[in-house]
Amino acid sequence: MRVGTIVLVAATMLAVAAPGATGKVKGGGFAGTTSAEDPLSFKVDRKGRVMSFSFDAVALTCSDGDTVDTPKVTTPRGERFTVRRRGFGIEARNATTGFGWDVSGRFRSRGRRSTGTLSVFASFNDDNQQDADGTIKCESEALTWSVRRR
């Protein structure tokens, strides 16, 4: 079992949205789980943008045979992600630690539900320290997720 803990340092975030007209979604909170039963949630602000996206305890399988679970990961407080054509995406990368994740989502049922995919990855060196140049690569399986308006 990997002893190192995944450290969350400010990551570079990039909003990825489908081209076209903005599909406004009513503000509120959404909560649910991934296909591996990991908790996942986010909020939608008054302008219909995704914020406070978070997930917890996603299992990563490493190239050396170990496994590691992520701590709770949440987008920075001021970050907002545009929703277009009822879809959104987030790419988060930390060039120092090698930790990152990708999410894509789409709102359904008149904005009462959302579904999507999540993948998480990290790199470690031989001393079990997070390192973008580390030789040990860890990644989650391709997870699907589903949330409902709270």
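**Exercise 1. The aromatic cluster**

Find which residues form one aromatic cluster in this predicted model, then work out how the rings of Phe-30 and Phe-107 are arranged.

*Solution.* Start with the members: Phe-30, Phe-42, Phe-53, Phe-55, Phe-88, Trp-101, Phe-107 and Trp-145 make up one cluster. Now zoom in on Phe-30 and Phe-107, whose ring centres sit 5.5 Å apart. Rings pair if their centres lie within 6.5 Å, so these two qualify. Next, check the angle: the planes stand at 65 degrees, so you call the pair edge-to-face. Where do the two residues lie? Phe-30 belongs to strand E2 and Phe-107 to strand E9, so the pair ties together parts 77 residues apart in sequence. Both Phe-30 and Phe-107 are buried.

**Exercise 2. A salt-bridge network**

Work out which residues are linked with Asp-45 in a network of salt bridges.

*Solution.* Take one partner at a time. Asp-45 meets Arg-49 at 2.8 Å, N to O. Asp-45 also meets Arg-80, at 3.3 Å. Asp-45 sits in the loop between strands E3 and E4, and Arg-80 in the loop between strands E7 and E8, so this pair ties together parts 35 residues apart in sequence. Put together, Asp-45, Arg-49 and Arg-80 form the network.

**Exercise 3. Buried or exposed?**

Sort Asp-45, Arg-49 and Arg-150 by how accessible they are.

*Solution.* Asp-45 has a relative accessible area of 10%; buried means under 20%, so Asp-45 is buried. Arg-49, at 27%, is partly exposed. Arg-150 reaches 64%, and the cut-off for exposed is over 50%, so Arg-150 is exposed. Arg-150 also helps form a positive surface patch with Lys-43, Lys-72 and Arg-77.

Conventions. Residues are numbered from 1 along each chain as its sequence is written. This is a predicted model: local features need pLDDT of at least 70, side-chain atom pairs count only at pLDDT 80 or more; totals for chains, interfaces and linings use all residues. Side-chain values use heavy atoms; hydrogens and water are left out. Patches are made of residues with over 30% relative accessible area and no salt bridge: like charges are joined within 9 Å, nonpolar side chains (Val, Leu, Ile, Met, Phe, Trp, Tyr) within 5 Å. Accessible areas come from the Shrake-Rupley method with a 1.4 Å probe; for residues, only the protein chains shown count as cover. A salt bridge is a side-chain nitrogen of Lys or Arg within 4 Å of a carboxyl oxygen of Asp or Glu. Lys and Arg count as positive and Asp and Glu as negative; His and the chain ends are not counted. The place of a charge is taken as NZ of Lys, CZ of Arg, CG of Asp or CD of Glu. Buried means under 20% relative accessible area, exposed over 50%, partly exposed in between (1.4 Å probe, protein chains only). Rings of Phe, Tyr and Trp (its six-membered ring) pair if their centres lie within 6.5 Å; planes under 30 degrees apart count as stacked, over 60 as edge-to-face and the rest as tilted. Helices (H or I, at least four residues) and strands (E, at least two) are DSSP runs, numbered from the N terminus.
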